[in-house]
Number of protein chains: 2
Amino acid sequence: MRVAIVAIGDEILAGLTADTNTGIIAEKLRAVGAEAVSLHGAPDDEAAIALAFERALEDAEVAVSTGGLGPTADDLTTAAVARLTGVPLALHEPSLRAIEERFRDLGRPMSENNRKQAMLPEGSEEIANPTGTAPGFRCGVQRRGRQCWIVSLPGVPSEMLRMLDESVLPWLAERGDGVRFASRVFSTFGLTESALDESLAGLIPPGEGRLAFRAAFPRIQARVTVSGPTDSDLDARLDALEREARRRLADNLYAIGDMGMEEVVGSLLTERQLTLGVAESCTGGLIGHRLTEVAGSSSYLRLGVVAYANESKRALLGVQEATLAQHGAVSIQVAEQMAEGVRLLAGADLGIATTGIAGPGGGTEDKPVGTVCIGLAWSDGVWSRRYQLGARSRGWVKGMTAQLALDRLRRWLIREDDRHQT
Amino acid sequence: MRVAIVAIGDEILAGLTADTNTGIIAEKLRAVGAEAVSLHGAPDDEAAIALAFERALEDAEVAVSTGGLGPTADDLTTAAVARLTGVPLALHEPSLRAIEERFRDLGRPMSENNRKQAMLPEGSEEIANPTGTAPGFRCGVQRRGRQCWIVSLPGVPSEMLRMLDESVLPWLAERGDGVRFASRVFSTFGLTESALDESLAGLIPPGEGRLAFRAAFPRIQARVTVSGPTDSDLDARLDALEREARRRLADNLYAIGDMGMEEVVGSLLTERQLTLGVAESCTGGLIGHRLTEVAGSSSYLRLGVVAYANESKRALLGVQEATLAQHGAVSIQVAEQMAEGVRLLAGADLGIATTGIAGPGGGTEDKPVGTVCIGLAWSDGVWSRRYQLGARSRGWVKGMTAQLALDRLRRWLIREDDRHQT
């Protein structure tokens, strides 16, 4: 079943809040075999809202709207739908009683304009709102000889979500053609978007599903979507696709689902009961910040040191004066000594370190902005590498360096081989 | 001038990411006297994209699109626009050279499908993309006897934003009706949104401008917008509004413009030639990360320590065993010792420290999740405070704690008084 989404309200076009409702609805529709095919955003203007619904019903049999059901003069969804369907607004008694009750429960007087929220297009079915005053509604409308439907929900995400789950999705599932959709996300790091595209070329035979890509810096994700008559069949097909994707992407596939590298590293450290110390120069705390976004990280993250100044690198991490003088602070030699230094200082199993030139200043001919070195130390070895990331923004260099360091930890943790490779 | 926005890509309708581009574009359009009148979201499907543009041009003279300009097979914006305007795609040589150069700079081979990004609808003007491979374009099209325009930008927010600012807005401003808009943003911290609303009530006399609020966690911003025939008149009116806003908001107004607290703190430290050490427990590196987002921060940030474990607090920062035992790690006493400890370890003028329970685990009856303590130490004094932030998400507690610590530094730096207040 095809569904078009209508997002109503000046705020959609005002830059004040990002519209999160649309994505949530689209995602939930898949589970009941429906598909969001288009989005129509309209300001608080009756004609514009009516036009958005009209277009939505050109694209799909069901138009689901959010917003414009409040009590104020600029809430115009019911009026627009009444205009579109050619019926008057009528007082819906049960809704009025529910609104009155809600105000009684809150111990607040109901203002006269809340009465407006119980005026629904004549002949429509109310969709109860258990957590707010604005009821939603569903009404049928004929378009091009087909029975179509308008489903209107409030814009407050928590109210919308509950009404979607409790009323709209069951209704849609019942009316569906029995086709189910399911999808799986592959989170990758180490391949460009085009290389990922090439690696996964032909993964899904034509007509058997869809493959989409998304660059969510610093990771790149691929999503496969398949459809069919039963959930178990879909799961089996997704499992097969996942096996093949794993084979093709190898270690560049770091997680199934929308997961950060810090979560994967955290799980691996927990699993192997290893602890970590982090020494950051150019990343300035970002690695520690990312690792500590994960609940329970205190069990493996022993210590982080942001050693921006050379003195800190020497005094605290034991980087040698001679190494700094000979190779400079941004060198694989210093990265190695920082990694080993923080490992010892933290009393941890592993030490990871970054040093580099995030820019915009500080670059030289030998070491332009974007030159970064990463070091990793463990009980009987050390690894390091120098990268030229290019002179993009300071934030980009920091973000990419932190991701490379976390990815290095991950690869070390999953592959014995890496421990002795460069 | 009326502008319709076209948001392209499966992700718009997939729930993977909230579309933030639309709001940003709509907001920026106001500044050049243009207005976003509708939004059209289409998946990665050529016919659906073409239909979205067609509808956009029914609503407005200019359709601005984001997304679908990447190198992969599911990037179909240029093909859809070529179909709509009835012209073939043609290789745009300067764009191809720019893409080749970009890959050369990165030291990576260009894959064959990146060539596709230089294929633009014949006769269109390229919009240069200084920070990515996908060029944008602008092309004219006649609709209902009017000259209309399609402007296509990539979907990556940072790339889109720069191209919007540097190419699209100046072009729109030139084509406008001569009315100029200007706005100024007041970034605040310390007041709730409703308190800010009350503080600024009546700031702008009716009909003379607009006042809008935006909660951009962890700061809250107010934006005043005025319009008129000349820029110099607008500047003078904004200056007067700013003077009055400063008077009303006092120290809660921390910056004019969309600036982070870390930039303000950095400027104050530079100005006063003071250096800083940071000891983070519950913020896990976020303060260091934020401070080092600012170019030149190496001149005042001497050292950061992420002391998650009690051992690190003791061994490295000199927090006393007895204090930990008596008051617990989350206490103003420990926060003070951490601040003084990192100040001495860093050899810095100031030390700032955080310790708290970010959750979801770790809370007790006495110290529920969201209990955080902040300490600040200087050569002859120390300050600390305990906050109950509530058990929201881990990320929220970290973010708010980092902001409170940076704000404390700011207030200390601007107000002698604060040094001896609690």
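Two strands pair if DSSP finds at least two bridges between them. Strands (E, at least two residues) and helices (H or I, at least four) are DSSP runs, numbered from the N terminus.

This is a predicted model: local features need pLDDT of at least 70, side-chain atom pairs count only at pLDDT 80 or more, and totals for chains, interfaces and linings use all residues. Residues are numbered from 1 along each chain as its sequence is written, chains are lettered from A and ligands numbered from 1 in the order in which they are written, and side-chain values use heavy atoms, with hydrogens and water left out.

**Exercise 1. Follow bridges in chain B, starting from B:A4 in the direction of β8(B).**

Step 1. Look into β3(B): B:A4 stands opposite B:A63. The strands β1(B) and β3(B) pair in the parallel sense over five bridges.

Step 2. Go on from B:A63, which faces B:I150 in β8(B). Here β3 (residues 62-66) and β8 (residues 146-153) of chain B are parallel partners, with five bridges.

Step 3. Return to B:A4 and look into β2(B), where its bridge partner is B:S38. Seven bridges join β1(B) and β2(B) in the parallel sense.

Step 4. Check the cover of β1 (residues 2-8) of chain B: six of its seven residues are buried. Buried means under 20% relative accessible area, exposed over 50%, and partly exposed in between (1.4 Å probe, protein chains only).

**Exercise 2. Find the edges of the twelve-strand sheet.**

Step 1. Write the order: β6(A)-β7(A)-β8(A)-β3(A)-β1(A)-β2(A)-β2(B)-β1(B)-β3(B)-β8(B)-β7(B)-β6(B). The sheet is open and its pairing is mixed.

Step 2. Pick the edge strands. They are β6 (125-127) of chain A and β6 (125-127) of chain B. Each has a single partner strand, so one side of each lacks a neighbour in the sheet.

Step 3. Add the twist, which averages 25° from one strand to the next.

**Exercise 3. Describe how α1(A) packs against α5(A).**

Step 1. Choose the quantities. Two packed helices are described by the angle between their axes and the distance between the axes. Axes are lines fitted to C-alpha atoms, for helices over the stretch in contact, and angles run from 0 to 180 degrees between N-to-C directions.

Step 2. Read the values: about 25° for the angle, and axes 11 Å apart.

Step 3. Classify. Angles under 35 degrees count as roughly parallel, over 145 as roughly antiparallel, 65 to 115 as roughly perpendicular and the rest as oblique. Therefore α1(A) and α5(A) are roughly parallel to each other.

Step 4. List the contacts (heavy atoms within 4.5 Å). In α1(A), the residues include A:I24 and A:L29; in α5(A), they include A:L161 and A:D165. The contact residues divide into nine nonpolar, one polar and two charged. Ala, Val, Leu, Ile, Met, Phe, Trp, Tyr, Cys and Pro count as nonpolar, Asp, Glu, Lys and Arg as charged, and the others, Gly among them, as polar.

**Exercise 4. Decide whether A:L269 and A:E244 are buried, partly exposed or exposed.**

Step 1. Locate them. A:L269 is in α8 (residues 261-272) of chain A. A:E244 is in α7 (residues 231-249) of chain A.

Step 2. Apply the cut-offs. A:L269 has 0% relative accessibility, so A:L269 counts as buried. A:E244 has 25%, so A:E244 counts as partly exposed.

Step 3. Leave aside neighbours within four places in sequence: the contacts of A:L269 are A:L274, A:L276, A:Y300, A:L350 and A:L413.

Step 4. Follow A:L276 into β14(A), where its bridge partner is A:L301.
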